Amino acid sequence: AFLNYGKTWQKQLNGILNYTTSIKDVHNITAMVGAEYYAVNDLETQVSGTLAPTDDIPTVNASTVFAPGSNFSNKSQFRILSQFGRFNYDYDQRYLLSLVFRRDGVSSLSEDNRWGFFPGMSAGWNIHNEDFFIKSKLSNTISTFKPRISYGQNGNVAGLGRYEVQGS
């Protein structure tokens with residue numbers, strides 16, 4: 001007789017708040033903050049046995065011999081808790097600023113390295129919205145001209161097992 005049972009539970013909860021305002025039609029602000037909870041729980045069990053006294057009982061508990069190494073159970077969990085936000089400002093759709101952050105806590109990392117903070121920013125200039133550009137001959141050929149500079153940090157736990165940091 002042989003029994004294998006596996007189940008995976010996955011849960012994801014998100015909450016996001018947005019805010020938008022404009023001051024004198026030239027100062028445009030949008031802000032967003034949010035949080036996310038992500039969890040995966042796995043359970044797997046396998047049992048096998050032989051030499052049941054009768055074939056009329058098809059369950060493993062009727063077996064009298066259990067094969068060493070073939071019976072096991074595994075249970076594992078993985079969680080990520082995150083907070084994130086973004087602040088955008090533009091002056092008259094010409095000068096642009098964006099600030100972002102994300103903070104993640106990952107259960108598969110050691111306690112002293114579990115949380116990471118990942119900021120980012122960008123600044124841009126919509127030159128095509130400037131009077132000097134609109135009045136130039138370039139505006140007949142180029143409809144959008146927006147140089148931008150940005151910087152950001154991110155993290156990566158892809159490929160890291162759920163309990164590798166605890167050792168064997």
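**Exercise 1. Aromatic pairs**

Task: State how many aromatic pairs this predicted model holds, and classify the pair Tyr95 and Trp125 as stacked or edge-to-face.

Solution.
1. The predicted model holds five aromatic pairs.
2. For Tyr95 and Trp125, the ring centres are 6.5 Å apart and the planes stand at 25°.
3. Planes under 30 degrees apart count as stacked, so Tyr95 and Trp125 form a stacked pair.
4. Tyr95 belongs to strand β5 and Trp125 to strand β6; with their positions 30 residues apart, the pair links distant parts of the chain.
5. Ring pairs also bring in Tyr91, giving a cluster of Tyr91, Tyr95 and Trp125.

**Exercise 2. A second pair from β5 and β6**

Task: Work out how the rings of Phe101 and Phe117 are arranged, and which strands they tie together.

Solution.
1. The ring centres of Phe101 and Phe117 lie 6.1 Å apart.
2. Their planes meet at 20°, so this pair is stacked.
3. Phe101 is in strand β5 and Phe117 in strand β6, so the pair ties together parts 16 residues apart in sequence.

**Exercise 3. Exposure of the ring residues**

Task: Decide whether Tyr95, Trp125, Phe101 and Phe117 are buried, partly exposed or exposed.

Solution.
1. Buried means under 20% relative accessible area and exposed means over 50%, with partly exposed in between.
2. Tyr95 has 37%, so Tyr95 is partly exposed.
3. Trp125 has 33%, so Trp125 is partly exposed.
4. Phe101 has 33%, so Phe101 is partly exposed.
5. Phe117 has 49%, which is not over 50%, so Phe117 is partly exposed.

**Exercise 4. A charge and a ring**

Task: Which ring does the charged end of Arg103 sit over?

Solution. The charged end of Arg103 is placed over the ring of Trp115, at 4.1 Å from the ring centre.

**Exercise 5. The pockets**

Task: Describe the largest pocket and the second largest pocket by volume and lining.

Solution.
1. The largest pocket holds about 190 Å³ of space.
2. It is lined by 14 residues, and Asp104, Val106, Phe118, Gly155 and Val157 are the closest to its centre.
3. The elements giving two or more residues to this lining are β4 (72–91), β5 (95–106) and β6 (115–125).
4. By class, the lining of the largest pocket has six nonpolar, five polar and three charged residues.
5. The second largest pocket holds about 150 Å³.
6. Its lining also has 14 residues, with Asn88, Tyr89, Leu96, Leu97 and Ser98 closest to the centre.
7. Two or more residues of this lining come from each of β2 (27–50), β4, β5 and β6.
8. The lining of the second largest pocket divides into five nonpolar, six polar and three charged residues.

Key:
Residues numbered from 1 in each chain as written. Predicted model: local features only at pLDDT ≥ 70, side-chain atom pairs only at ≥ 80, totals over all residues. Heavy atoms only, no water. 1 Å grid on protein atoms, 1.4 Å probe; cavity = no way out; pocket = protein on both sides within 12 Å on 5 of 7 lines; lining within 4 Å. Points joined across faces, edges and corners; volume = space filled by probe spheres on them. Helix = DSSP H or I, 4+ residues; strand = E, 2+ residues; numbered from the N terminus. Nonpolar A, V, L, I, M, F, W, Y, C, P; charged D, E, K, R; others polar. Phe/Tyr/Trp six-rings, centres within 6.5 Å; stacked < 30°, edge-to-face > 60°. Buried < 20%, exposed > 50% of the residue type's maximum accessible area, 1.4 Å probe, protein only. Lys NZ or Arg CZ within 6 Å of the ring centre and 35° of its normal.
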